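Biologist: Before we use any descriptive words, I would like to hear how each of them is justified. Could you show me the model and then take my questions in turn?

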Amino acid sequence: MVLVEVHDSTKPNSSLICVDNSRGVSEFSLEFLRDKVNIRASCNGLLCCSSIADKGVYYVCNPMTREFKVLPKIKDQNLTRFYPDSEATLVGLACDPSLGKFDVVLAGYQCAGSSRRPDKTFACLIFDSDSNKWRKFVSFQEEIFTHMNRIQVVYVNSALHWLTGSGSYILVLDLNFEVWRKVSVPDETRYGTGNRVYLLESDGCLSLIEISDTWMKIWVMKDYERELWHMVDRVSLGCIKGLVHGIFPIAQTGECVFLATHKQVLVYHRTSWAWKEMYSVQNNATLPLWFSAHAFRTSIFPCE
């Protein structure tokens with residue numbers, strides 16, 4: 001499924017919709033949180049949300065069971081002095097049903113001393129649901145992340161993955177050993193020459209989708225240890241030519257790919273080579289649909 005936040009200029013609050021390939025479109029609500037929130041990450045049926053009114057307050061919830069957990073506030077405010085607005089650059093959620101636990105990751109550049117300037121100190125805070133505590137480690141990074149890089153975080157192989165702004169590699173946080181490392185992208189991808197590259201998950205594997213003016217190429221990492229990528233599909237974009245420059249892949253399975261534009265959610269069926277419009281916003285949307293769209297799957301995984 002895809003969760004999409006719809007911002008209507010005629011209404012004070014945004015609304016959520018769920019786009020499901022088999023069941024169509026339905027309304028979606030997080031009102032049980034009793035707070036206005038932004039969805040920051042999605043993993044195996046759980047959502048990580050941040051409070052808009054109260055910075056530093058995070059929730060992990062299961063929208064299907066309406067269970068939620070308010071994460072304990074970080075007492076040392078110096079640890080959350082992220083650049084530029086105290087909001088973490090990267091937010092990740094790692095939910096492993098086999099272990100019966102989840103982790104929340106906040107990471108970003110910290111402000112230098114008492115100034116609002118960043119230094120190269122990349123702080124990482126990890127919340128462990130087993131211990132109900134935060135822990136921290138610091139490293140040094142020199143990467144930037146676009147908006148889509150930040151929200152398209154993938155959890156596979158006990159690690160969280162973000163594509164860097166340059167598109168030259170994937171930044172990986174190994175949660176078993178609490179270290180950052182880099183994973184290569186396919187040599188054939190050419191980011192920045194009219195091509196755009198996005199990181200998604202595909203049936204438990206890392207996947208890259210490369211979009212050019214005329215083609216969409218789907219890559220899957222079949223061998224994680226050896227970092228071996230395989231191009232599994234090459235799709236002509238001729239029939240949606242007018243939408244190509246404003247289209248973004250959001251989620252995929254082995255059978256279909258969900259993509260969002262400013263006002264539409266489309267699905268491409270890989271077996272039938274067919275495109276279908278799943279949703280179209282009819283109002284005066286102030287933000288494009290792709291700006292706050294997340295892959296989602298239902299589960300009854302508990303948050304407590």
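Modeller: What follows is a conversation about this predicted model, in which each term is set against its cut-off.

Biologist: What makes the radius of gyration of the protein agree with that of a compact globule?

Modeller: For 304 residues, a compact globule would have a radius of gyration near 19 Å, and the protein has 19 Å, so the value agrees with the rule. The C-alpha trace spans about 55 × 45 × 40 Å along its principal axes, and the protein is built with one helix and 24 strands.

Biologist: Why is S292 called buried or exposed?

Modeller: Buried means under 20% relative accessible area, and S292 has 10% relative accessibility, so S292 counts as buried. This residue lies in the loop between strand 23 (274-280) and strand 24 (293-295). Leaving aside its neighbours within four places in sequence, S292 is in contact with L3, V4, E5 and H7. Of the 304 residues of the protein, 55% count as buried.

Biologist: And how do you know which class M64 belongs to, buried, exposed or partly exposed?

Modeller: Partly exposed is the class between the limits of 20% and 50%, and because M64 has a relative accessible area of 39%, M64 is partly exposed. M64 also has its place in a loop, the one between strand 6 (58-62) and strand 7 (67-70). Apart from neighbours within four places in sequence, its contacts are F28, F296, T298 and S299.

Biologist: What makes a set of residues here a nonpolar core, and which residues have the most contacts inside the largest one?

Modeller: Such a core is a set of buried residues of the nonpolar kinds, joined through side-chain atoms within 4.5 Å. The largest has 41 residues, and those with the most contacts inside it are L93, F102, V104, V105, L106, W162 and W180. A second, separate core of 36 residues includes V6, I209, I240 and Y268. In soluble globular proteins, nonpolar side chains tend to be buried together.

Biologist: Which residues does W180 touch, once its neighbours within four places in sequence are left aside?

Modeller: Contact means heavy atoms within 4.5 Å, and by that limit W180 is in contact with L90, A107, F122, C124, F137, S139, Q141, W162, L171, V172 and L173, with those sequence neighbours left aside.

Biologist: What share of the contacts in the protein with a separation of 6 or more joins residues 24 or more positions apart?

Modeller: Residues 24 or more positions apart account for 47% of those contacts.

Conventions:
Residues are numbered from 1 along each chain as its sequence is written. This is a predicted model: local features need pLDDT of at least 70, side-chain atom pairs count only at pLDDT 80 or more; totals for chains, interfaces and linings use all residues. Side-chain values use heavy atoms; hydrogens and water are left out. Helices (H or I, at least four residues) and strands (E, at least two) are DSSP runs, numbered from the N terminus. Buried means under 20% relative accessible area, exposed over 50%, partly exposed in between (1.4 Å probe, protein chains only). The radius of gyration is taken over C-alpha atoms; the globule rule is 2.2 Å times the number of residues to the power 0.38.
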